[in-house]
Structures are given as structure tokens and as C-alpha cells.
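Reader: I would like a close look at one part of this protein, the parallel sheet and what is attached to it. Please go through it step by step, and then follow the salt bridges and the backbone outward from there.

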Amino acid sequence: MPNAQQAPLKIAVAGLGTVGAGVLKLLDAQSSLIEQRCGRRIEVVAVSARSKGKDRGVDLSKVQWFDDPVAMAAQSGADLVVELIGGSEGPARDTVATALETGKHVVTANKALLAVHGTEIARKAESGGLTVAFEAAVAGGIPIIKGLREGLAGNAVSEIHGILNGTCNYILTEMRTTGRDFADVLADAQALGYAEADPSFDIDGVDAAHKLAILASVAFGTPVDFSAVYIEGIRQVSAVDFDYADQLGFRIKLLGIARRTDAGIEQRVHPCMVPKTAPIASVDGVFNAVVAQADFADRVLFVGRGAGAGPTASAVVADLIDIARGRSTPTFGVPADRLSAATPSPMEARRGSYYVRLMVVDRPGVIADIAAAMRDQNVSMEQFLQRGRSPGEGVPVVLTTHDTDEAAMQRALATIAASDSVLEPPRMIRIEQF
């Protein structure tokens with residue numbers, strides 16, 4: 001371990017938003033504890049942000065200011081650059097590239113950058129003997145990257161699944177507990193600051209997919225492959241689905257799932273019905289949760305706050321302490337040149353059970369037609385629910401299936417949707433039996 005006389009680790013911070021300011025505050029508040037734990041000080045020598053005059057609640061008078069984060073990465077004299085700008089391209093990517101080209105370690109919370117360019121970044125870092133650390137990029141304050149990469153290093157991981165987006169989990173929790181519909185709860189989430197003015201990345205599943213692509217690489221030792229992730233958001237989940245889910249013994253969660261199968265590696269993000277008894281079913285509000293299935297450790301559950309200044313800053317500083325200690329680990333747990341390419345398993349190969357909600361005309365023969373469409377694709381129905389009668393008018397019908405192939409399910413739904421007795425597009429939610 002480095003001794004107490006070792007020179008400080010000099011860092012430059014690009015991006016002083018909520019997380020960047022949180023990192024500076026944590027480093028200041030915990031300076032003695034950090035020095036004690038890593039045997040040297042961590043010293044902020046430079047920062048870069050869009051606005052110099054903004055009050056961020058920290059004293060920057062003794063720190064070198066750069067308007068351009070790329071120039072800061074090249075010229076600041078730091079040992080390490082913390083990238084908290086965000087986005088897969090532009091200044092964030094250029095800042096990280098410049099830091100590595102000039103011999104600086106990188107700590108980042110940028111899941112989009114890593115999901116799209118992670119393998120390339122890992123190769124560049126490792127070829128220069130540098131570290132890229134990114135605990136804060138996935139699940140905020142939950143130490144899931146270290147948990148997988150180091151805590152489960154002696155295990156083969158067969159599956160990762162989890163709640164990876166706090167905004168969606170908050171919305172789905174509120175819909176379940178209040179009975180309100182999606183648009184109403186989303187507006188509240190925006191007013192409370194849980195959702196952005198443009199919430200698309202969150203509610204359409206892209207944010208969770210970025211994180212899942214990173215987790216899959218760490219879990220399975222494969223190159224990061226964001227393009228292989230199937231993505232479906234929560235816009236189509238209705239308040240009535242929560243009523244039916246409750247009757248059927250389920251909770252609705254937006255999950256990211258990565259799994260080894262005979263067909264290859266599944267990577268998918270979509271709403272799921274999970275049994276109420278599953279540990280992940282009780283993780284509500286803005287909390288995140290990740291479950292890893294390992295051969296020797298068995299099932300491991302991580303739960304905590306997935307966003308916010310404090311939890312995310314905590315993860316950033318944990319990475320800084322590792323680097324200050326001289327601890328180095330391959331970026332994705334396996335040296336970049338030994339990441340093994342994996343065959344992506346297409347969504348059509350997914351096998352499991354399904355929940356389907358239909359709005360149909362209440363007349364003789366309709367249910368028989370639905371059953372026939374299922375039968376023709378070898379899809380077996382398990383449960384069937386119909387609320388009330390309204391002859392000649394629309395009534396909601398819900399069914400669940402036994403395990404079947406996604407491709408067969410989609411063909412059956414296409415046939416059902418084409419019927420003149422079906423008044424709305426069928427709504428389908430996959431059931432996951434964890």
C-alpha cells in the first residue's frame with residue numbers, strides 16, 4: 001500500500017452538474033477519511049463546465065478553470081480526469097480520448113459513452129497501462145461493477161437482471177399504489193425532478209439499455225454490444241394492467257435482463273410481470289436493484305439508490321480511491337484483447353410466459369377465435385379473465401399463457417389484432433418467473 005508521504009493524486013473534473021458538484025463536496029467533506037484509506041490525498045487541480053459564474057456550493061477559487069474540457073484533459077497537469085459531461089459523442093468522448101492519449105487515468109459516470117464505445121476505450125486504456133473506472137455509470141451508489149468484476153471474480157455468471165432506471169421504477173410504483181395513469185404520474189415525476197423535461201431516454205428504456213450492455217460485458221466477459229439490446233419502454237403500460245397484475249399475483253417492473261442461453265446471450269429491456277414473492281418485486285420508488293446468478297455464490301441481490309448527487313458521487317470517489325491506492329483491474333474484468341465475442345440471442349428466441357390484454361366486442365365466438373389463433377401457433381393459454389358483460393360493445397379481456405416462444409406469440413398476436421372483433425392493438429407484457 002502507498003505510504004503517507006506519497007504525492008497526491010491530482011484530478012481534473014469535467015462537468016459540474018449535480019454529480020460533479022457532489023463529487024467535489026464529498027472529496028472536501030471526507031478528505032481526512034479518504035487520505036487515511038488510500039495513504040495519499042486526492043487533490044482537485046482543475047475543473048471545466050459551461051458556466052464559470054454559477055454557484056455550485058464549493059470553493060473553486062484555488063482550482064484552475066477551463067472552458068474547454070478537452071483542453072483541460074490535455075493541459076491541466078492532472079494524473080486523472082473525471083468525466084461527468086454525459087453523452088456518447090462530442091465533448092465527453094473527446095475528453096476521455098484526450099485524457100488517455102496524454103497518459104491520464106479516467107473515471108466516468110457516462111453509461112452512454114461506455115455502452116457505445118466501451119470496448120474501444122478499454123483497449124486504448126489498457127494499451128497505455130491506464131485505468132478506466134466507471135462504477136457510477138450503472139446503478140448509482142450500488143457497487144455492482146465491483147461486485148461482479150471483483151466480488152464474483154471466481155464465479156461464472158449465467159444471468160443478470162435488474163431495475164436499472166429509477167425514473168421508470170418511480171412511475172410504475174406510483175401507478176400501482178395510486179391507480180393513476182402513466183401521463184399523470186409522469187407529469188408529477190417531472191415536477192419532482194425525478195424525470196427530465198424530455199424523459200424519452202428514461203421511459204423508452206434507452207438509459208436502462210445502456211447500463212445493461214455494460215453489465216453484460218462485465219458479467220460474461222464479452223465486448224460491449226449496445227446494438228444487441230432489445231429495448232421497449234413503459235409508455236404502453238396502463239393503470240388497468242396493474243389491477244390485473246395484482247389479481248394474478250404479479251408486480252410490473254421495467255427490467256434489464258442479460259442471460260446466457262443455448263441460442264447465445266440475451267440482452268433485453270422491457271416491462272415485465274414478476275411474482276410478488278420475487279425479491280425484486282418489492283423494490284419501489286427511485287431505488288435500483290440488480291440480481292446476479294452465479295454458479296458458486298448462487299443468487300446475489302444488490303439494492304440501493306440508483307441516482308442522485310450523493311450516491312453517484314460516492315461511486316465516483318470509490319473509483320478514485322482505488323486508483324490512488326494503485327489498484328488496477330481490466331476495464332471489463334477481462335483484458336480487452338481477451339473479451340470473447342458472443343452470439344446475440346434474438347428476441348424471437350425468448351421463451352417464457354405472457355400476459356395479454358385485449359379490448360374485444362362482446363359477442364358469441366370472439367373468445368373461440370382468440371383461442372384458435374393461439375392454438376394455431378401452439379400457444380397454450382393458462383388463465384383467462386373477463387370483467388363484466390356488455391353485449392355488442394367493447395369489454396376488456398386478459399389472458400396469460402404457458403411457456404412459449406416469442407416468435408409464436410408475436411404471430412398469434414398479429415392474427416388476433418387483424419380481427420374486426422378486436423377494437424385496440426393487443427397489449428402484451430412478458431412474465432418472468434424469478
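Author: What follows starts with the sheet, goes on to its helices and salt bridges, and ends with a few single residues elsewhere in the chain. The model is predicted.

The sheet is open and has six strands, placed in the order β3-β2-β1-β4-β5-β6, with parallel pairing. Its edges are β3, residues 64–66, and β6, residues 132–133. Each of these has a single partner strand, so one side of each is left without a neighbour in the sheet. At the β3 edge, the partner is β2, residues 42–48, which runs parallel to β3 and is joined to it by three bridges. V47 has W65 in β3 as its bridge partner.

Two helices can be placed against this sheet. Helix α12, residues 309–325, packs on the sheet and touches β1, β2, β4, β5 and β6. The direction of α12 makes about 160 degrees with that of β5. Helix α4, residues 90–101, lies across β1 (9–14), β4 (80–83), β5 (105–108) and β6. Relative to β4, α4 runs at about 170 degrees.

Beyond the β6 edge comes the loop between β6 and α6, and two of its residues deserve a look. One is E135, whose side chain meets that of K146 in a salt bridge, at 3.9 Å from N to O. E135 lies in the loop and K146 in helix α6 (144–151), so the pair ties together parts that are 11 residues apart in sequence. Both E135 and K146 are buried. The other loop residue is A139. A139 is not a glycine, yet it has a positive phi of about 65 degrees. Most residues other than glycine have a negative phi. With a relative accessibility of 1%, A139 counts as buried.

The salt bridges can be followed from here. The count for the model comes to 31. One of them joins E432 and R259, whose side chains meet at 3.4 Å, N to O. This pair links distant parts of the chain, 173 residues apart: R259 is in strand β9 (residues 250–261), and E432 is in the segment after β17 (427–431). E432 and R259 are both buried. Elsewhere, salt bridges with shared partners join E135, K146, D319, D322, R325 and R327 into one network. A further salt bridge is the one between R180 and E174, with the closest N and O atoms 3.5 Å apart. R180 counts as partly exposed, at 22% relative accessibility.

Strand β9 also holds R260. R260 counts as partly exposed, with a relative accessibility of 44%. Leaving aside neighbours within four places in sequence, R260 is in contact with V157, S158, F220 and I265. The C-alpha atom of R260 is separated by 18 Å from that of V334, a residue 74 places away along the chain.

Helix α11 covers residues 239–248, and its buried residues include A239, D241, F242, Y244, A245 and L248. Of these, A245 has a relative accessibility of 1%, which puts it under the 20% limit for a buried residue. Not counting residues up to four places away in sequence, A245 touches F250, I252 and M273. The C-alpha atoms of A245 and A137 are separated by 32 Å, with their positions 108 residues apart along the chain. Just after α11, G249 takes a positive phi of about 90 degrees.

Two places at the surface complete the tour. In the loop between α13 (366–376) and β14 (381–386) sits N378. N378 has a positive phi of about 60 degrees, although it is not a glycine. N378 counts as exposed, at 69% relative accessibility, whereas A139 counts as buried. The second place is a nonpolar surface patch formed by F287, L301 and V303, with about 230 Å² of accessible area together. Within this patch, F287 lies in strand β11, residues 287–294, and is partly exposed, with a relative accessible area of 30%.

Key:
Residues numbered from 1 in each chain as written. Predicted model: local features only at pLDDT ≥ 70, side-chain atom pairs only at ≥ 80, totals over all residues. Heavy atoms only, no water. Pairing = 2+ DSSP bridges. Helix = DSSP H or I, 4+ residues; strand = E, 2+ residues; numbered from the N terminus. Contact = heavy atoms within 4.5 Å. Axes fitted to C-alpha atoms, helices over the stretch in contact; angles between N-to-C directions. Patch = residues over 30% accessible without salt bridge, like charges linked within 9 Å, V, L, I, M, F, W, Y side chains within 5 Å. Areas by Shrake-Rupley, 256 points an atom, 1.4 Å probe, with all protein chains shown as cover. Salt bridge = Lys/Arg side-chain N within 4 Å of Asp/Glu carboxyl O. Buried < 20%, exposed > 50% of the residue type's maximum accessible area, 1.4 Å probe, protein only.
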